[in-house]
Amino acid sequence: MLNNRLSLLLVTALAPAIWGTTYLVTTELLPPGRPLLAAVIRALPAGLLLVALTRRLPSGGWWWRSLVLGTLNIGAFLALLFVAAYRLPGGVAATLGALQPLLVAGLSTGLLGERLTRRTVLAGAAGVAGVSLLVLRSDARLDALGVAAAAGGAVVMAIGVVLSKRWTSPAPLLATTGWQLVAGGLVLVPVALAVEGPPPAVLSGANLAGYGYLALIGAALSYSLWFRGIRALSPTHVTFLGLLSPVVATLLGWLVLGQRLTAWQLLGAAIVLAAVVFAQRRALGRTEADKYQPLTTAHRATDSEMV
(Lines give C-alpha, C1' and ligand atoms only; values in the text may rest on other atoms or scores of the structure.)
Protein backbone atom coordinates (compact mmCIF):
# COMPACT_ATOMS: atom_id res chain seq x y z
CA MET A 1 0.00 0.00 0.00
CA LEU A 2 2.76 2.45 0.93
CA ASN A 3 4.79 1.68 -2.19
CA ASN A 4 1.66 1.99 -4.32
CA ARG A 5 0.86 5.44 -2.91
CA LEU A 6 4.43 6.59 -3.32
CA SER A 7 4.56 5.43 -6.94
CA LEU A 8 1.26 7.17 -7.65
CA LEU A 9 2.57 10.42 -6.18
CA LEU A 10 5.84 10.22 -8.12
CA VAL A 11 4.12 9.48 -11.42
CA THR A 12 1.55 12.22 -10.82
CA ALA A 13 4.37 14.66 -10.04
CA LEU A 14 5.54 14.23 -13.64
CA ALA A 15 2.54 16.29 -14.79
CA PRO A 16 3.47 19.60 -13.10
CA ALA A 17 7.12 18.91 -13.92
CA ILE A 18 6.13 18.73 -17.60
CA TRP A 19 4.05 21.91 -17.26
CA GLY A 20 7.17 23.58 -15.90
CA THR A 21 8.76 23.14 -19.34
CA THR A 22 6.01 25.17 -21.04
CA TYR A 23 7.74 28.52 -20.59
CA LEU A 24 10.96 27.26 -22.20
CA VAL A 25 9.15 25.65 -25.13
CA THR A 26 6.98 28.74 -25.65
CA THR A 27 9.84 31.23 -25.64
CA GLU A 28 12.28 29.15 -27.68
CA LEU A 29 10.09 27.34 -30.23
CA LEU A 30 6.73 29.05 -30.66
CA PRO A 31 5.82 32.25 -32.58
CA PRO A 32 5.71 35.26 -30.23
CA GLY A 33 2.49 36.83 -28.96
CA ARG A 34 0.28 33.76 -29.52
CA PRO A 35 -0.29 32.20 -26.07
CA LEU A 36 -3.99 31.51 -26.67
CA LEU A 37 -3.23 29.79 -29.98
CA ALA A 38 -0.70 27.66 -28.11
CA ALA A 39 -3.36 26.81 -25.52
CA VAL A 40 -5.85 25.76 -28.23
CA ILE A 41 -3.30 23.61 -30.07
CA ARG A 42 -2.16 22.17 -26.77
CA ALA A 43 -5.65 21.08 -25.73
CA LEU A 44 -7.86 20.38 -28.74
CA PRO A 45 -5.68 18.04 -30.89
CA ALA A 46 -4.58 16.14 -27.77
CA GLY A 47 -8.19 15.66 -26.71
CA LEU A 48 -9.28 14.53 -30.17
CA LEU A 49 -6.38 12.06 -30.26
CA LEU A 50 -7.36 10.51 -26.91
CA VAL A 51 -11.02 10.28 -27.94
CA ALA A 52 -10.01 8.61 -31.21
CA LEU A 53 -7.75 6.13 -29.41
CA THR A 54 -10.37 5.17 -26.82
CA ARG A 55 -13.35 5.35 -29.21
CA ARG A 56 -15.49 6.46 -26.32
CA LEU A 57 -17.87 9.41 -26.18
CA PRO A 58 -19.60 10.79 -23.09
CA SER A 59 -23.05 9.48 -22.24
CA GLY A 60 -25.88 10.91 -20.18
CA GLY A 61 -24.82 13.56 -17.70
CA TRP A 62 -21.19 13.27 -18.71
CA TRP A 63 -21.78 15.52 -21.69
CA TRP A 64 -22.37 18.55 -19.46
CA ARG A 65 -19.96 17.36 -16.78
CA SER A 66 -17.16 17.10 -19.34
CA LEU A 67 -17.96 20.62 -20.52
CA VAL A 68 -17.87 21.96 -16.95
CA LEU A 69 -14.64 20.14 -16.03
CA GLY A 70 -12.94 20.99 -19.32
CA THR A 71 -13.86 24.65 -18.92
CA LEU A 72 -12.62 24.81 -15.33
CA ASN A 73 -9.45 22.72 -15.63
CA ILE A 74 -8.37 23.87 -19.07
CA GLY A 75 -10.43 26.48 -20.95
CA ALA A 76 -11.17 29.12 -18.31
CA PHE A 77 -7.93 28.42 -16.44
CA LEU A 78 -5.69 28.96 -19.47
CA ALA A 79 -7.63 32.04 -20.59
CA LEU A 80 -7.30 33.64 -17.14
CA LEU A 81 -3.64 32.63 -17.06
CA PHE A 82 -3.18 34.46 -20.37
CA VAL A 83 -4.71 37.66 -18.95
CA ALA A 84 -2.59 37.41 -15.80
CA ALA A 85 0.59 36.80 -17.81
CA TYR A 86 0.03 39.92 -19.89
CA ARG A 87 -0.92 42.24 -17.04
CA LEU A 88 1.34 41.00 -14.24
CA PRO A 89 5.00 40.09 -13.82
CA GLY A 90 5.32 36.31 -13.99
CA GLY A 91 6.39 36.10 -10.37
CA VAL A 92 3.20 37.72 -9.11
CA ALA A 93 1.02 35.39 -11.19
CA ALA A 94 2.95 32.31 -10.02
CA THR A 95 2.74 33.39 -6.37
CA LEU A 96 -1.03 33.83 -6.57
CA GLY A 97 -1.28 30.47 -8.34
CA ALA A 98 0.54 28.89 -5.40
CA LEU A 99 -2.60 29.53 -3.32
CA GLN A 100 -4.28 26.66 -5.15
CA PRO A 101 -3.41 23.90 -2.63
CA LEU A 102 -5.06 25.88 0.17
CA LEU A 103 -8.11 26.53 -2.03
CA VAL A 104 -8.40 22.83 -2.89
CA ALA A 105 -8.04 21.90 0.77
CA GLY A 106 -10.87 24.26 1.72
CA LEU A 107 -13.15 23.07 -1.08
CA SER A 108 -12.40 19.43 -0.28
CA THR A 109 -13.59 20.03 3.26
CA GLY A 110 -16.99 21.19 2.04
CA LEU A 111 -17.49 19.01 -1.05
CA LEU A 112 -15.60 15.82 -0.22
CA GLY A 113 -15.77 15.73 3.57
CA GLU A 114 -11.99 15.80 3.98
CA ARG A 115 -10.57 17.20 7.21
CA LEU A 116 -8.53 20.39 6.99
CA THR A 117 -5.42 19.71 9.04
CA ARG A 118 -2.80 21.99 10.50
CA ARG A 119 -0.20 20.16 8.39
CA THR A 120 -2.04 21.16 5.20
CA VAL A 121 -2.35 24.81 6.23
CA LEU A 122 1.31 25.04 7.23
CA ALA A 123 2.47 23.31 4.05
CA GLY A 124 0.24 25.57 1.95
CA ALA A 125 1.58 28.73 3.58
CA ALA A 126 5.16 27.49 3.16
CA GLY A 127 4.47 26.72 -0.49
CA VAL A 128 3.28 30.27 -1.16
CA ALA A 129 6.30 31.69 0.68
CA GLY A 130 8.70 29.43 -1.21
CA VAL A 131 7.25 30.24 -4.63
CA SER A 132 7.34 33.97 -3.85
CA LEU A 133 11.05 33.73 -2.99
CA LEU A 134 11.66 31.66 -6.11
CA VAL A 135 9.96 33.89 -8.69
CA LEU A 136 8.86 37.21 -7.15
CA ARG A 137 10.91 40.33 -7.83
CA SER A 138 11.13 43.37 -5.56
CA ASP A 139 10.14 45.74 -8.38
CA ALA A 140 7.00 43.77 -9.30
CA ARG A 141 4.01 46.01 -9.99
CA LEU A 142 0.40 45.03 -9.31
CA ASP A 143 -2.51 45.46 -11.68
CA ALA A 144 -6.06 44.99 -10.36
CA LEU A 145 -7.34 43.11 -13.42
CA GLY A 146 -4.20 40.98 -13.59
CA VAL A 147 -4.45 40.09 -9.90
CA ALA A 148 -8.13 39.21 -10.34
CA ALA A 149 -7.30 37.01 -13.34
CA ALA A 150 -4.48 35.19 -11.54
CA ALA A 151 -6.62 34.62 -8.46
CA GLY A 152 -9.55 33.58 -10.64
CA GLY A 153 -7.35 31.07 -12.45
CA ALA A 154 -6.34 29.49 -9.15
CA VAL A 155 -9.97 29.36 -8.04
CA VAL A 156 -11.41 27.81 -11.22
CA MET A 157 -8.73 25.13 -11.39
CA ALA A 158 -9.16 24.38 -7.67
CA ILE A 159 -12.88 23.86 -8.25
CA GLY A 160 -12.10 21.72 -11.29
CA VAL A 161 -9.70 19.53 -9.32
CA VAL A 162 -12.21 18.92 -6.53
CA LEU A 163 -15.09 18.26 -8.93
CA SER A 164 -12.85 15.85 -10.88
CA LYS A 165 -12.62 13.84 -7.66
CA ARG A 166 -16.30 14.18 -6.78
CA TRP A 167 -17.48 13.22 -10.28
CA THR A 168 -15.76 9.90 -10.94
CA SER A 169 -16.48 8.77 -14.49
CA PRO A 170 -17.15 5.09 -15.23
CA ALA A 171 -15.31 5.53 -18.51
CA PRO A 172 -11.58 4.84 -18.94
CA LEU A 173 -9.21 7.52 -17.72
CA LEU A 174 -7.88 8.38 -21.18
CA ALA A 175 -11.41 8.87 -22.49
CA THR A 176 -12.46 11.28 -19.73
CA THR A 177 -9.17 13.15 -20.11
CA GLY A 178 -9.84 13.47 -23.83
CA TRP A 179 -13.36 14.79 -23.21
CA GLN A 180 -12.03 17.53 -20.95
CA LEU A 181 -9.27 18.52 -23.36
CA VAL A 182 -11.72 18.76 -26.25
CA ALA A 183 -14.19 20.79 -24.19
CA GLY A 184 -11.48 23.12 -22.92
CA GLY A 185 -10.02 23.56 -26.40
CA LEU A 186 -13.42 24.37 -27.92
CA VAL A 187 -14.03 26.97 -25.21
CA LEU A 188 -10.70 28.59 -26.05
CA VAL A 189 -11.15 28.71 -29.86
CA PRO A 190 -13.45 31.77 -30.02
CA VAL A 191 -11.40 33.56 -27.36
CA ALA A 192 -8.17 32.97 -29.31
CA LEU A 193 -9.74 34.15 -32.58
CA ALA A 194 -11.18 37.28 -30.96
CA VAL A 195 -7.97 38.25 -29.17
CA GLU A 196 -5.21 37.04 -31.51
CA GLY A 197 -6.91 36.64 -34.86
CA PRO A 198 -6.39 33.71 -37.25
CA PRO A 199 -3.33 31.45 -36.92
CA PRO A 200 -0.12 32.37 -38.78
CA ALA A 201 -0.13 31.35 -42.43
CA VAL A 202 3.37 29.89 -42.18
CA LEU A 203 4.89 27.88 -39.33
CA SER A 204 8.53 26.89 -39.08
CA GLY A 205 9.81 23.44 -38.19
CA ALA A 206 10.63 24.69 -34.70
CA ASN A 207 7.06 26.01 -34.32
CA LEU A 208 5.60 22.65 -35.34
CA ALA A 209 7.94 20.80 -32.98
CA GLY A 210 6.94 23.07 -30.11
CA TYR A 211 3.22 22.69 -30.77
CA GLY A 212 3.64 18.93 -31.12
CA TYR A 213 5.42 18.76 -27.76
CA LEU A 214 2.74 20.81 -26.03
CA ALA A 215 -0.06 18.65 -27.47
CA LEU A 216 1.43 15.19 -26.97
CA ILE A 217 3.55 15.66 -23.85
CA GLY A 218 2.23 18.88 -22.35
CA ALA A 219 -1.42 17.86 -22.62
CA ALA A 220 -2.22 14.25 -23.61
CA LEU A 221 0.39 12.68 -21.34
CA SER A 222 0.53 15.21 -18.51
CA TYR A 223 -3.24 15.63 -18.03
CA SER A 224 -3.72 11.86 -18.12
CA LEU A 225 -1.18 11.50 -15.32
CA TRP A 226 -2.75 14.41 -13.40
CA PHE A 227 -6.31 13.08 -13.55
CA ARG A 228 -5.07 9.58 -12.77
CA GLY A 229 -3.57 10.94 -9.57
CA ILE A 230 -6.77 12.77 -8.68
CA ARG A 231 -8.80 9.58 -9.16
CA ALA A 232 -6.59 7.56 -6.84
CA LEU A 233 -5.43 10.08 -4.22
CA SER A 234 -6.71 13.01 -2.21
CA PRO A 235 -6.99 16.08 -4.46
CA THR A 236 -5.32 18.13 -1.72
CA HIS A 237 -2.23 15.94 -1.81
CA VAL A 238 -2.20 15.97 -5.61
CA THR A 239 -2.52 19.73 -5.95
CA PHE A 240 0.53 20.33 -3.73
CA LEU A 241 2.54 18.66 -6.48
CA GLY A 242 1.63 21.61 -8.71
CA LEU A 243 4.13 23.69 -6.73
CA LEU A 244 6.86 21.78 -8.57
CA SER A 245 6.04 23.58 -11.83
CA PRO A 246 7.73 26.93 -11.03
CA VAL A 247 10.70 25.04 -9.59
CA VAL A 248 11.19 23.15 -12.86
CA ALA A 249 10.68 26.33 -14.90
CA THR A 250 13.31 28.18 -12.86
CA LEU A 251 15.75 25.26 -13.06
CA LEU A 252 15.40 25.06 -16.84
CA GLY A 253 15.91 28.80 -17.12
CA TRP A 254 19.22 28.35 -15.32
CA LEU A 255 20.34 25.20 -17.18
CA VAL A 256 19.19 26.05 -20.71
CA LEU A 257 18.83 29.83 -20.89
CA GLY A 258 21.74 30.76 -18.62
CA GLN A 259 19.59 32.72 -16.19
CA ARG A 260 21.21 33.55 -12.87
CA LEU A 261 20.01 31.91 -9.66
CA THR A 262 20.21 33.92 -6.45
CA ALA A 263 20.55 32.62 -2.93
CA TRP A 264 16.96 33.69 -2.25
CA GLN A 265 15.74 31.63 -5.20
CA LEU A 266 17.62 28.58 -3.97
CA LEU A 267 16.08 29.07 -0.54
CA GLY A 268 12.65 29.40 -2.14
CA ALA A 269 13.13 26.20 -4.11
CA ALA A 270 14.18 24.37 -0.95
CA ILE A 271 11.11 25.64 0.91
CA VAL A 272 8.81 24.58 -1.94
CA LEU A 273 10.27 21.07 -2.03
CA ALA A 274 10.03 20.81 1.76
CA ALA A 275 6.38 21.95 1.64
CA VAL A 276 5.55 19.34 -1.01
CA VAL A 277 7.17 16.54 0.99
CA PHE A 278 5.64 17.75 4.28
CA ALA A 279 2.17 17.82 2.70
CA GLN A 280 2.54 14.23 1.48
CA ARG A 281 3.64 12.72 4.80
CA ARG A 282 0.10 11.95 5.86
CA ALA A 283 -0.71 10.51 2.43
CA LEU A 284 2.23 8.13 2.74
CA GLY A 285 1.49 7.18 6.33
CA ARG A 286 -0.43 4.01 7.04
CA THR A 287 -1.81 2.29 10.05
CA GLU A 288 -1.42 -1.32 11.00
CA ALA A 289 -4.92 -1.94 9.66
CA ASP A 290 -3.92 -0.51 6.28
CA LYS A 291 -1.43 -3.34 5.84
CA TYR A 292 -4.29 -5.80 5.56
CA GLN A 293 -6.62 -3.73 3.39
CA PRO A 294 -6.78 -4.49 -0.34
CA LEU A 295 -6.40 -1.73 -2.87
CA THR A 296 -9.54 0.31 -3.42
CA THR A 297 -11.51 0.09 -6.62
CA ALA A 298 -10.09 3.44 -7.65
CA HIS A 299 -6.54 2.16 -7.21
CA ARG A 300 -7.24 -0.99 -9.18
CA ALA A 301 -8.85 0.98 -12.00
CA THR A 302 -6.04 3.45 -12.29
CA ASP A 303 -3.35 0.78 -12.23
CA SER A 304 -4.94 -0.87 -15.26
CA GLU A 305 -5.12 2.47 -17.05
CA MET A 306 -1.52 3.58 -16.48
CA VAL A 307 -0.33 5.81 -19.30
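**Helical architecture, internal cavity and surface patch**

From the N terminus on, the elements of the chain run α-α-α-α-α-α-α-α-α-α-α-α-α-α, and the secondary structure accordingly comes to 14 helices and 0 strands. The model described here is a predicted one, and the values reported below were computed from it. Of the 307 residues that make up the chain, 48% count as buried.

Several residues that lie far apart in the sequence are brought together in space, and three such pairs were examined. Leucine 225, which has its place in helix α10, is separated from alanine 15 by 210 residues in sequence, yet the two C-alpha atoms are 6.1 Å apart. The relative accessible area of leucine 225 is 5%, and leucine 225 is therefore classed as buried, the limit for that class being under 20%. Beyond helix α10, leucine 233 is found in the loop that leads from α10 to α11 (235-240). The C-alpha atom of leucine 233 stands 8.1 Å from that of leucine 8, although these positions lie 225 residues apart along the chain. With a relative accessibility of 9%, leucine 233 also counts as buried. The third pair involves arginine 5, a residue of helix α1 (residues 2-19), and glutamine 280; these are 275 residues apart along the chain, and their C-alpha atoms are separated by 10.0 Å. Arginine 5 is buried as well, because its relative accessible area, 17%, falls under the limit of 20%.

A search of the whole structure for enclosed space finds 1 cavity of 30 Å³ or more, and the volume of this largest cavity is about 100 Å³. In general terms, rolling a probe the size of a water molecule over the atoms shows where empty space is left. The lining of the cavity consists of Trp62, Leu69, Ser164, Trp167, Thr168, Ser169, Thr176, Gln180, Phe227, Ile230 and Arg231. At least two of these residues are supplied by each of α4 (62-87), α9 (173-196) and α10 (205-232), and the largest share, 3 residues, comes from α10. By residue class, the lining divides into 5 nonpolar, 5 polar and 1 charged. Helix α10 thus contributes to the lining of the cavity and also holds the buried leucine 225.

On the surface, a nonpolar patch is formed by Tyr23, Leu251, Trp254, Leu255, Val256 and Leu257, which together have about 590 Å² of accessible area. Helix α12 (residues 244-255) provides the largest share of this patch, namely 3 residues. Among the members of the patch, leucine 255 lies in helix α12; its relative accessibility is 53%, so leucine 255 counts as exposed, a class that begins over 50%.

A further feature concerns the backbone at arginine 55, which is placed in the loop between α3 (35-54) and α4. Most residues other than glycine have a negative phi. At arginine 55, by contrast, phi is near 50°, a positive value in a residue other than glycine. The relative accessibility of arginine 55 is 78%, and this residue therefore counts as exposed, whereas arginine 5, in helix α1, is buried.

Methods. Residues are numbered from 1 along each chain as its sequence is written. This is a predicted model: local features need pLDDT of at least 70, side-chain atom pairs count only at pLDDT 80 or more; totals for chains, interfaces and linings use all residues. Side-chain values use heavy atoms; hydrogens and water are left out. Patches are made of residues with over 30% relative accessible area and no salt bridge: like charges are joined within 9 Å, nonpolar side chains (Val, Leu, Ile, Met, Phe, Trp, Tyr) within 5 Å. Accessible areas come from the Shrake-Rupley method with a 1.4 Å probe; for residues, only the protein chains shown count as cover. A salt bridge is a side-chain nitrogen of Lys or Arg within 4 Å of a carboxyl oxygen of Asp or Glu. Helices (H or I, at least four residues) and strands (E, at least two) are DSSP runs, numbered from the N terminus. Buried means under 20% relative accessible area, exposed over 50%, partly exposed in between (1.4 Å probe, protein chains only). On a 1 Å grid over the protein atoms alone, a cavity is a set of points where a 1.4 Å probe fits but cannot get out, and a pocket is an open set with protein on both sides within 12 Å along at least five of seven lines; lining residues have an atom within 4 Å of a point. Grid points are joined across faces, edges and corners, and a volume is the space filled by probe spheres set on the points. Ala, Val, Leu, Ile, Met, Phe, Trp, Tyr, Cys and Pro count as nonpolar, Asp, Glu, Lys and Arg as charged, and the others, Gly among them, as polar.
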